Amino acid sequence: MQITVSAGKGGTGKTTVAVNLALALSESHSVEFLDCDVEEPDAGIFLKPENENSEPVTIEIPEISEDVCTYCGDCSEACEFNAIATFSENVLVYPELCHGCGLCSRVCTADAISERSKIIGEVRRGSTGSIDFYEGDLTIGEPMATPIIRDMKKKVTEENISILDSPPGTACPVIESLHGSDFALLVTEPTPFGLHDLRLSVKVAREMNIPVGVVINRYGIGDKSVEDYCEDEGVPVLMKIPNDRKIAELYSNGVPFVNKFDNWKGRFNQLFEEITRIVNPRAKSVEV
Amino acid sequence: MNLAISATGDDLESKLDRRFGRCSYFIILDPDTMEFETIQNASRGASSGAGVKAAQILADSEVDNLITGNVGPNAYNALTAAGIEIFTGASGTVKEAIAKYKEGELSRTNEPTTAGGTGKSR
């Protein structure tokens, strides 16, 4: 079961929900946690992984042999990202624009393009209690997060519960995090800002045919517009986390609140049961 | 001699477009006869590398010199590799920019005049 915790808006509590859900489930399930927010991975602050080791993530960048190149320009034309420019007497490669798709070397009829690996970041693996913890980290100056997320997701196993902490927004890194997920758990806050970006997230998940559910964080502030929207759209609100000073204080000390409040462990387990029912409606009961 | 001008419209009365890679049109003209043709800038909406692609378009159109507002580092490298000379700091209409160019009032640029990606309308 792959659950991606996502949000259109930043700072709504994705990591809070993902971390607490993973910890609550880890007492009775095998859980993998993947921090897919590779531009700013911070779930480790709460989960404090141990024994981390890292593997580099590379993409394949074209290298053009000008001895062989006929300057036909086929590669430049094929490149969706404009990473190659071909002129009458020279050819330029822009590695920072390259997405590593390899199309240029396929279309080259002169066999002038070889590929070299370029490191764009790393995936670190560690453990938190019984949780297998992964986090991706994009090298500063590198623009592309998706290859790191894709690499990290190869670690996902079918039989375990995988909790993916997605970056915010609706662009490529979010799509990559959601891709292949059984469920999108969308975290929002009950404000016009939260609602605006929640609408976008719901659209994205529906476009990808991924069932959605909502967690409203900081419940009690703002207005009722998120709840009204969810009701109108038939989007289930699966949890409300109150705007509680104690929860905020624990957060600011890097302590997941399920570690202090046992009743929340139960609520996150119920949340998972509801998700399981939505994903697999024919299953009669779930062992917890 | 082919002179290209980044423009917001498709004739000589149009305003010069200060963006290079994401300008609306390129007006390509012979400064001696003032005969010109206009091409829509196909790189305008590129997700990345608009400056590189625009330089490619100009090179494919056998442009020698370019008048524009600013060029970023990627566009500058590509234009230089293509042997296209860059004249920046122009403003007003395309016609006015050409007049200044002819009078030698525009400066030739030997480095990028802006950071990359600044023409993106996001």
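Into which domains is chain A divided? In this predicted model, chain A consists of domain 1, covering 2-53 + 122-279, and domain 2, covering 66-111. Taken over C-alpha atoms, the centres of these two domains of chain A are 39 Å apart.

Now let's look at where nonpolar residues gather. In soluble globular proteins, nonpolar side chains tend to be buried together. Here the largest nonpolar core has 42 residues, and Phe20(B), Leu58(B), Leu66(B) and Leu79(B) have the most contacts inside it. Several elements give two or more residues to this core, and they come from both chains:

| Chain | Elements giving two or more residues |
|---|---|
| A | strand E3 (50-64), strand E6 (113-128), strand E7 (131-138), helix H5 (146-153) |
| B | strand E2 (25-30), H1, H2 |

Domain 1 and domain 2 of chain A each supply at least three residues to this core. Apart from it lies another core, of 36 residues, including Met1(A), Val19(A), Leu185(A) and Val215(A).

Phe20(B) is a good residue to explore on your screen. Leaving aside residues up to four places away in sequence, Phe20(B) touches, among others, Phe26(B), Leu58(B), Leu66(B), Ala75(B) and Leu79(B).

Two of those partners bring us to helix H2 of chain B, residues 73-81, whose buried residues are Ala75(B), Tyr76(B), Ala78(B) and Leu79(B). What covers them? The cover includes strand E5 (91-93) from chain A, along with helix H1 (50-60), strand E4 (65-67) and strand E5 (85-88) from chain B. Just after H2(B), you can find Gly83(B), which takes a positive phi of about 75°.

Definitions and conventions. Residues numbered from 1 in each chain as written. Chains lettered and ligands numbered in written order. Predicted model: local features only at pLDDT ≥ 70, side-chain atom pairs only at ≥ 80, totals over all residues. Heavy atoms only, no water. Buried < 20%, exposed > 50% of the residue type's maximum accessible area, 1.4 Å probe, protein only. Helix = DSSP H or I, 4+ residues; strand = E, 2+ residues; numbered from the N terminus. Contact = heavy atoms within 4.5 Å. Domains from an automatic or database assignment. Core = buried A, V, L, I, M, F, W, Y, C linked by side-chain atoms within 4.5 Å.
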